[in-house]
Amino acid sequence: MFNNEQIQIEKQWTELQPEHDRDDLLHLLESEPAVWLQQGMEHYVFTRTDLRFWRQWHGDLAAGVSCFEPSAVLQPANWQDASYTCMTLAQLPTSLARPIIVTSADGTPQGWLCADRLAAQLFRQKQRAEQYLNALLDTVTDAVTAVDGDGTVICWNDTAAQMYHIPHERIIGRTIDELFNPESLMLLHVLDKGRKVRNMYHQSSEGTHVLINASPIMDASGTIVGGLASEQDITHLVKLNQELSTAQASIHETLPRSNDPFTLLDGQSHSISKVVRIGKKVAELNTPVLLYGETGSGKEQLARAIHLAGAHADAPFLSVNCGAIPPGLLDSELFGFIGGTYSNQDIQEAGKLEQAGEGTLFLNEIDRLTPEMQNKLYRALKTRLFRRYGGQEELPLHARIIAASRHDLEKLVTSGQFSSELYYALGIVTIAVPPLRERREDIAILVHMYLREFAMQYHRPLPKPTPDVMLAFARYDWPGNVAELRAVIERCVILSDGDELNPELLPDAFQKLLHFPSSAPVHVPIRRSHNEEPVIQHQGLKARITDEEEKQRIEEAIRKASGNKSIAARMLGISRGTLYNKMSKHGMDS
């Protein structure tokens, strides 16, 4: 804030004592700048401008003093020094016909000030403030605009002139809405609402992007008398971001599999590769698909990938868990509802079959459908028509149906617990999603994928799992499958403090697995590129194998461990020293 309230007061004056008369006053005025006297509760200050009056006055002093207005007495809040006082213009009296007396905090007169000298000081301060303001406007890199209460531009700095290509002489004195769209002017909103604007993104004109700060200017009574705005030009940042986005999109287009919805499912194992291969084939068609798999194995993820790889990827993908909705509500949930017969109100609600449009409806736990619902769904699949609950109109079915179950529906058909007609209508193509424990070689790929996902989500460093962590993951049976692995990785990223994912971050169930005997052979999944051939479950070294078989198993373990000898030794159930001895025995590079 500018300190514009420093007012210099006059200190040279002489006090007229009570016993003095008119002649004494006249004598003092001819030799001193000012004379101060007090009559009762009133104070009076006379200067040389009053000499003419007192030279013509020959009466009593008190009578002559009564011809003048008393001087106003001010007591400023604080003093700068012996000659300067800090006062606000609001403290000044309404009439400045007579000199002002300035007192200290205890009421002792300190000096005086007349109107002409006050005006001269205020004028100099105004000049100084303008000099500071102009220097400030030339210094800042923001565009600064000020308007009065009518929206007339009273300030327009050089940066604003350069940013908008409008010179000062073309805009100063004109209302701002003459040159800009009134609807897009933040200053006019500030004048109207009286609210401050802070760091608001704004496109003030075509091709110009700014961050704007604006405030109303109010007088002492709180009335808005103008507005001030500063605008930081971020056009270059916006364009740079657009260029980076374009470049990033171009890079992504050149990357293999970047637009492949099955990327998050694919892995090294033969079982998941087969799932992906079949999924890609059925995605091209609109045929129903039946998915099998344990809870958490990724059935819905596979269904979504099939949808996104199809011709109607932009259409909705809807999911319904048939076991989570009461049978009485499932009919209207799937097929829709028409009501209002008794209330004379037309109530219509579209079901998921209708809402999916030309997209995909994923029905999980399809085995939980009642026999009536199974028959109704079969009829819809066969005729590609269905009716809303309570309605008579036949509506077309455009959506693809992908159903899923964790039970063997063929056995349920044999036992009469599931409709054979619906089973064969859904099961034109069936895909069995393998549990995670049957594709352990994919664990490393999934671990690194989820680590990247959650590190970005929680803004954490990307932690690197230690060999012990990967060993625990390999030994664990994963009853919750991929969903459980994802939850464990999310936990580890949240709890990690550094760039390493160590065993202490794992749940208790994993801690026990790290204390198994080191002789227990295990396959430790190591991340590998997608173009490598699928590998088989590794076996440890046995006593009765040929030298050639032993060498092959060592080579396989080292390959799976991506060259890490410690992990390879654990996979083989031998110590690291024994591994080096056997490698030397078979002439293998160590």
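Hi everyone, let me start on the surface: Ile 217, Val 225 and Leu 228 together make a nonpolar patch of about 220 Å². Please keep in mind throughout that this is a predicted model. One member of that patch, Val 225, is found in strand β14, which covers residues 224–233. Is Val 225 buried, partly exposed or exposed? At 38% relative accessibility, Val 225 counts as partly exposed.

Now from the surface to a buried serine. Ser 269 sits in the loop between α8 (235–254) and α9 (270–283). Its relative accessible area is 1%, so Ser 269 is buried. What does the side chain of Ser 269 contact? There is a polar contact, at 2.5 Å, with the side chain of Asp 442.

Let's turn to charges. Side chains of opposite charge can pair when their charged atoms come close. How many salt bridges does the structure hold? The count is 21, and I'd like to walk you through a few of them.

First on my list is Arg 22 with Asp 23, whose side chains meet in a salt bridge at 2.7 Å, N to O. The two partners fall into separate accessibility classes: Arg 22 counts as buried at 12% relative accessibility, whereas Asp 23 is partly exposed with a relative accessible area of 45%.

Next comes Arg 98 with Asp 50, another salt bridge, this one at 3.1 Å from N to O. Here Arg 98 lies in the loop between β7 (84–86) and β8 (100–103), and Asp 50 lies in the loop between β4 (42–47) and α2 (51–56), so the pair ties together parts that are 48 residues apart in sequence. As for exposure, Arg 98 is buried with a relative accessible area of 14%, and Asp 50 is buried too, with 7%.

My third example is the salt bridge between Arg 440 and Asp 477, where the closest N and O atoms are 3.1 Å apart. Which parts of the chain does this pair link? Arg 440 is in the loop between β23 (429–432) and α16 (443–457), while Asp 477 is in the loop between α17 (467–475) and α18 (481–495), so to speak two distant parts of the chain, 37 residues apart. Arg 440 counts as buried at 11% relative accessibility, but Asp 477 is partly exposed, with a relative accessible area of 46%. And before we leave the charges, there is also a network: Asp 547, Glu 550, Lys 582 and Lys 585 are joined into one by salt bridges that share partners.On to the sheets. Strands of a sheet pair through backbone hydrogen bonds, either parallel or antiparallel. In what order do the strands of the open three-stranded sheet with β2 run? The order is β2-β3-β4, and the pairing is mixed. At the edges stand β2 (14–15) and β4, each with a single partner strand, so one side of each is left without a neighbour in the sheet.

Let me take the two pairings in turn. β2 and β3 pair in the parallel sense, over two bridges, and Glu 15 has Trp 36 in β3 as its bridge partner. To get from β2 to β3 the chain passes through helix α1 (residues 22–31), and this β-α-β crossover is right-handed.

The other pairing joins β3 (residues 34–39) and β4 in the antiparallel sense, over six bridges. If you'd like to find it on the screen, Ala 34 stands opposite Thr 47 in β4, and Gln 38 stands opposite His 43 in β4. How many residues lie between the strands in the hairpin of β3 and β4? There are two, and Gly 40 in this hairpin takes a positive phi near 65°.

The last stop is an open sheet of three strands in the order β5-β8-β9, again with mixed pairing. Its edge strands are β5 (73–74) and β9 (109–113); each has a single partner strand, so one side of each is left without a neighbour in the sheet. β5 and β8 run parallel and are joined by two bridges, with Leu 74 standing opposite Val 102 in β8.

That's my tour, thanks for listening!

Conventions:
Residues numbered from 1 in each chain as written. Predicted model: local features only at pLDDT ≥ 70, side-chain atom pairs only at ≥ 80, totals over all residues. Heavy atoms only, no water. Helix = DSSP H or I, 4+ residues; strand = E, 2+ residues; numbered from the N terminus. Buried < 20%, exposed > 50% of the residue type's maximum accessible area, 1.4 Å probe, protein only. Polar contact = N/O pair within 3.5 Å; in protein donor to acceptor, adjacent residues only side chain to side chain. Salt bridge = Lys/Arg side-chain N within 4 Å of Asp/Glu carboxyl O. Pairing = 2+ DSSP bridges. Patch = residues over 30% accessible without salt bridge, like charges linked within 9 Å, V, L, I, M, F, W, Y side chains within 5 Å. Areas by Shrake-Rupley, 256 points an atom, 1.4 Å probe, with all protein chains shown as cover. Right-handed = clockwise from strand over helix to strand, strands pointing away.
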